[in-house]
Amino acid sequence: MNDRFGRTITYLRLSLTERCTLKCAYCRAQDGDCPKKSELTLDEFLRITRAFAQIGVKKVRLTGGEPMLRRDLLQIISGIRAIPQIQEITMTTNGQHLPGMSPALRAAGLDRLNISVDSLKPEKFAKITGGGSLNLVLTGIEEAFAAGFPLVKLNVVLLRGVNDDETDDFIALTRDRNIQVRFIEYMPLGETDRAESRVTGAELLQKHPELVEIAPSYKGQPARDYQMPGYVGKVGLIDPMSHRFCADCNRVRVMSDGMLRPCLGYNQEFSLKEALDQEDDGALIAALQIAIVQKPQTHCFTEEFSAQKTMSRIGG
Ligand code: SAM
């Protein structure tokens, strides 16, 4: 289905829970989480995804909060896998629960993993994440390849004076393996405004002039792709603040509290709860269509933007 600006919506991001194991300061508020008992159920997430599939969605990303905290995660994945129109299922995780799980995730039907890792130094990693273990992430990456995931994407939010001294080390990870490191500009959706600590994509390219731009893998991808000559993997720049990609945006988000958010950088949301109470899917599909039509033309991340939800609630 097209929105009113002619963008075709094919990509649904499901925030399975607001709960998270970690407390990355740029992402997560201390309180205000949707309690577990109020989260959409397995059946509700599947019903919503089936309804989206009927109006053109082909790709689903599972995120959160930490999606791996959902006990029914494997059922959610296999349930989505059974929807014929869905061609790709991916998940973004902090990697803390990944060790031991990759074979089951793969068997359930997950196609790809994005793992968030903001530092390759154990102590710094723990500090940024409020106690996370880098070792679990590194083990998770190894196991993901061993389980047959062909590609692993690593999400790195670059913060000035915090982890911007590690870009060489991150890029080196792409030398021999099909790893894509994605440097993400900080967006104003955390607890505090950190505009001064944002490292832009342009700054990164200035620091690494050896990076060669390569063609995007698909139309509308948010990352601009680069590669070190001779390296196997890639480096992606996701710079929504300095380099808007709204004109090609093909995605909408549904959060664990039953709200549909047409744009990450816009507070407008639509409740699906009433439509979910009806047995017939007609009301649900109509609710999705109403929200998609009203997807804003661009995000409104400016210095004045005041996010009503943190990234951990919306789902990155
Ligand atoms: N818990 C999972 C994880 O850590 O990957 C999934 C949810 S997390 C909200 C998804 C992604 O959003 C992570 O890669 C995280 O680094 C990124 N993120 C969170 N807050 C952000 C912000 N304010 N600006 C840019 N990216 C952010």
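Two strands pair if DSSP finds at least two bridges between them. Keep that in mind for the strand views below, and remember throughout that this is a predicted model.

**View 1. Strand S5 meets strand S4.** Start with a single link: Leu113 has Val152, in S5, as its bridge partner. Zoom out a little and you find four bridges between S4 and S5, which pair in the parallel sense.

**View 2. Strand S4 also meets strand S3.** Leu113 turns up again here, this time as the partner in S4 of Met91. S3 and S4 run parallel, and four bridges join them. How does the chain get from S3 to S4? It crosses through helix H3, residues 102-108, in a right-handed β-α-β crossover.

**View 3. How covered is strand S4?** This strand takes in residues 112-116, and four of its five residues are buried. In other words, S4 is mostly covered.

**View 4. A proline in the loop before S5.** Look between helix H5 (134-146) and S5, and you'll find Pro150 in the loop. Is Pro150 buried, exposed or something in between? Its relative accessible area is 49%, and exposed means over 50% while buried means under 20%, so Pro150 counts as partly exposed. Now pick out Arg112 as well: Pro150 and Arg112 are 38 residues apart in sequence, yet their C-alpha atoms are 7.7 Å apart in space.

**View 5. The shell around the ligand.** Here the ligand has 18 residues surrounding it. The closest are Tyr26, Gly65, Glu66, Ser116 and Met187. Sorted by class, the shell has nine polar residues, seven nonpolar ones and two charged ones.

**View 6. Polar atoms close up on the ligand.** Three pairs of atoms are worth finding here. At Ser116, a side-chain N or O atom is 2.5 Å from an oxygen atom of the ligand. At Met187, look to the backbone instead: one of its polar atoms is 2.8 Å from a ligand nitrogen. At Glu66, the side chain has an N or O atom 3.0 Å from a nitrogen atom of the ligand. And how much of the ligand does the protein bury? Taken alone, the ligand exposes 550 Å², and the protein buries 95% of that. Two elements each give two or more residues to the shell: strand S3 (88-93) and strand S5 (152-157).

Key. Residues are numbered from 1 along each chain as its sequence is written. This is a predicted model: local features need pLDDT of at least 70, side-chain atom pairs count only at pLDDT 80 or more; totals for chains, interfaces and linings use all residues. Side-chain values use heavy atoms; hydrogens and water are left out. A residue is near a molecule or strand if one of its heavy atoms lies within 4 Å of it. A polar contact is a pair of N or O atoms within 3.5 Å; within protein, one must be able to donate a hydrogen and the other to accept it, and residues adjacent in sequence count only if both atoms are side-chain atoms. Accessible areas come from the Shrake-Rupley method with a 1.4 Å probe; for residues, only the protein chains shown count as cover. Ala, Val, Leu, Ile, Met, Phe, Trp, Tyr, Cys and Pro count as nonpolar, Asp, Glu, Lys and Arg as charged, and the others, Gly among them, as polar. Buried means under 20% relative accessible area, exposed over 50%, partly exposed in between (1.4 Å probe, protein chains only). A crossover is right-handed if, with the strands pointing away from the viewer, the path from the first strand over the helix to the second runs clockwise.
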